[in-house]
Amino acid sequence: MAETHAGPIAVTGNEAVAEAMRQINPDVVCAYPITPQTEVVQLYAQMVADGAVDTEFVTVESEHSAMSAAIGAAAGGARTMTATSSQGFALMWELLYVAASYRLPIVMTTVNRALSGPINIHCDHSDTMGGRDSGWLQIYGENHQQAYDNCLQSVRIAEHMDVRTPVMHMYDGYVISGAIGPLVILQDEKVRDFIGPFKAINPMLDVEHPVTVGPFDGLHGWYFEHKVAQNRAMDRSFKVIQDVADEFAEITGRHYGLLEPYRLDDAEIAIVVIGSTAGTTRMVVDKLRARGVKAGMVRVRVFRPFPHEAYAKALEHVKVVGVMDRADSFGAQGGPLFLEIRAALYDSDPRPQVLPFVYGLGGRDIFPDNIEQAFAVLEETARSGKRATSERRYLNLRKD
Amino acid sequence: MSEVLDIEQFLHTERLPHIWCPGCGNGIVTGAFLRAVLDLGLVREKTVVVGGIGCSSRAVGYIDLGTVHSIHGRALAFATGIKMARPDFTVVVLTGDGDGAAIGGNHFIHACRRNIDITCILFNNQTYGMTGGQVSPTMDPGDRGTTAPYGSIEPSFDLCRLAEAAGASFVARGIAANIRPLERLIKQGIQHKGFSFIEAVVPCPTEYGKRNPPAGVIAMLDDTKARSISVTAAAKMTPDELRDKIVTGILYEDDEAPEFQSAYAAIVERAQAGAAEAPARPKQPAAPRKPRKTAPERPPARNGEAADASGLPLEGGE
Ligand SMILES: Cc1ncc(C[n+]2csc(CCOP(=O)(O)OP(=O)(O)O)c2C)c(N)n1
Ligand code: SF4
Ligand SMILES: [Mg+2]
């Protein structure tokens, strides 16, 4: 790929991220291939082989090893990245907690794909939703540009001294990863300046100052305090994420927040949604607005930490909020996003109704019609003024 | 022709056409396996086939026996559970070099070590075909993969030697280019009581073949055929002569090695008999495990000194 481009180029989402990784030029990348992430790793492997980057590239034998090796590299003092999807993410699970608790600023691209079984290779968010309590920061992108932009920003956020916590950034499998879309690429020097040099904290390779990483310190040790410290870093990261986004806006003109409201100020009904479906939802909002319906939406950007106060502020004036989950939390009151949004609005007075919608599992198509149906439920609920049941409503579920 | 029709009873013909590329060797091995099933008179009610994830593992999706399309790397672990629950079942694992030897390598050596009565057919195409041709643990150094565009620098596994060293009591290798002998090996593996490992060397013309010579399916098949050599013939060759050769046939067989499920049943029986009479905490330690029957003194096949254990006709090189 050429080094600089004035205007947008056409790339797949995975190409966009591989390009971001080239510009970041991390010290170590360890990965195992899995659809739909494979292209990222493959393109990167080619760049390594061609000498386009200085990275040590490790072709490990599983994702469990990928994350283990990433932890080793990061603890050793290297700027470390990896990428995965679905089952690979699930296989990393025990290490996700380890990476976060060691406070290693690893950055991972996760291309969202459904979890088995039955086996399914298409998009939903059940993989990363399963890692939401692992202690990683989670940033979801909507399109190609955001995949690239979030990748760059993740490095800054993870390495910030107030955070020092791994960050995963996501985009939708196939819809973004494999489809071609527009991307504006920054100049290499600009990225280098933005990212800055890597600063290792207590690296194991500093042999003059040996450290022990992750030991058991007993029943009466500091485990509990350690966990609280992790959560404090989460709290501090709200500001860091915003500061980094603002700085990024200065060099790119592209603005990001923790969440992204759209036509929400005077909205009476609104949908909260993650990922590429935000684009479709925005279109539906415009259509409804043209009909005089006061519809709005919020796109979720940062899911961990969850900016609940910002959501309360953004949505408290809305009568009925529909939350669209592309993952389910079996046996819970609703999908993971629904639970967050409903909890965030609990203290609002008057309290908006919050209704759960589940869509797109295993890559099931989501059409504008389906989103209109969801809005119709919200509209009807708002009009009736009654409490609607909070049972899940499934969009585009087959009847037969 | 009638044989083709006969194995159709074990195929989900409604799911065809399959996903495999033209020229892929997976169908050949699947066919060989199904003919073995047919010849051995295995019944659907008592035969379970477990696949992992990969083009090769995908075979289970087309097979109309009891099948589990499990997850990447864990087919042998699933199969172990099935065999323990139903020792009377014939349990077969279809896996690939990535599935069985990379991500699932740990389960592989432990299934061998336990010598559990499962037959594992590993389709070795020396790459991760399904994800687009990355380096696999059986890819030869110097071969190209998408994660090693200028050639792999990693040494590769000889899976048959690994299986034997880890404790498998039946170890064989066949090639897709030589169907009948492969079929016989599969049959013998299924009949053998204990862990049977059969490596089937298959061409992946799409992902492996497009980066590595020789180009083209026919050339790939001819090449494996030319390089394959029976254990009998290999025994008479020098290491130099054996370089790049694919030694086929039964490489190791031990009919006496204790099989896991039988050992398990025996100890259950002993414990239950003992529980009736003996105090809850026996004073005597349990009898030591019968020592493993040591393998016949036999240097690895690669060294060209392999004993002729197969009794099979020459499989390749003719
Ligand atoms: C945990 C996990 N990691 C990665 C993958 C992606 N994946 C699917 S098949 C495969 C490799 C398969 O290689 P092999 O077993 O040799 O089968 P082949 O396609 O070559 O027949 C990989 C890496 C996955 N499904 N699950
Ligand atoms: S990619 Fe290779 S292994 Fe997979 S179906 Fe095609 S030829 Fe067979
Ligand atoms: Mg393979």
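1. A residue counts as near a molecule if its C-beta atom, placed from the backbone, lies within 6 Å of it. Keep that cut-off in mind as you look at ligand 1 in this predicted model. Of the 24 residues around the ligand, those that come nearest are B:Gly54, B:His72, B:Gly96, B:Gly98 and B:Gly129.

2. Where does ligand 1 lie? Its place is between chains A and B. Three elements each supply at least two residues of the shell around the ligand: α4 (86-91) of chain A, and α4 (97-101) and β5 (127-128) of chain B. By class, that shell holds nine nonpolar, twelve polar and three charged residues.

3. Next, look at how the two chains meet. Chain B brings 18 residues into contact with 14 residues of chain A. On the side of chain B that touches chain A, you will find nine nonpolar and nine polar residues, but no charged residues.

4. Helix α2 (residues 26-40) of chain B is a nice one to trace by eye. This helix has 15 residues and reaches 21 Å from its first C-alpha to its last, close to the 21 Å expected at 1.5 Å a residue. Buried residues in α2(B) include B:Ile28, B:Val29, B:Phe33, B:Leu34 and B:Val37; B:Arg35 is buried too. After α2(B) comes B:Gly41, with a positive phi near 65 degrees.

5. Now turn to chain A, which is divided into domain 1 (9-252) and domain 2 (259-394). The C-alpha centres of these two domains of chain A lie 28 Å apart. Their contact takes 26 residues from domain 1 and 20 residues from domain 2. On the domain 1 side, α6 (126-129), β6 (137-140) and α9 (223-252) of chain A give two or more residues each, and α9(A) provides the largest share, five residues. That side divides into 13 nonpolar, eight polar and five charged residues.

6. Which residues touch the most other members of the largest nonpolar core? Of its 118 residues, they are A:Ala70, A:Ala270 and A:Val272. Helix α3 (residues 63-76) of chain A gives the largest share of this core, eight residues. Domain 1 (9-252) and domain 2 (259-394) of chain A both contribute residues, so this core lies between them.

7. To see one core member up close, try A:Ala270. Not counting residues up to four places away in sequence, A:Ala270 touches A:Leu264, A:Ala295, A:Gly296, A:Met297, A:Val298, A:Leu315, A:Val318 and A:Val321. There is also a second, separate core of 77 residues, which includes B:Val37, B:Ile63, B:Leu94 and B:Leu182.

Definitions and conventions: Residues are numbered from 1 along each chain as its sequence is written. Chains are lettered from A and ligands numbered from 1 in the order in which they are written. This is a predicted model: local features need pLDDT of at least 70, side-chain atom pairs count only at pLDDT 80 or more; totals for chains, interfaces and linings use all residues. Helices (H or I, at least four residues) and strands (E, at least two) are DSSP runs, numbered from the N terminus. Ala, Val, Leu, Ile, Met, Phe, Trp, Tyr, Cys and Pro count as nonpolar, Asp, Glu, Lys and Arg as charged, and the others, Gly among them, as polar. Two residues are in contact if their C-beta atoms, placed from the backbone, lie within 7 Å. The expected span of a helix is 1.5 Å times one less than its number of residues. A residue is buried if 20 or more other C-beta atoms lie within 10 Å of its own, exposed if 12 or fewer, and partly exposed in between; C-beta atoms are placed from the backbone. Domain bounds come from an automatic or database domain assignment. A nonpolar core is a set of buried Ala, Val, Leu, Ile, Met, Phe, Trp, Tyr and Cys residues joined through C-beta atoms within 7 Å.
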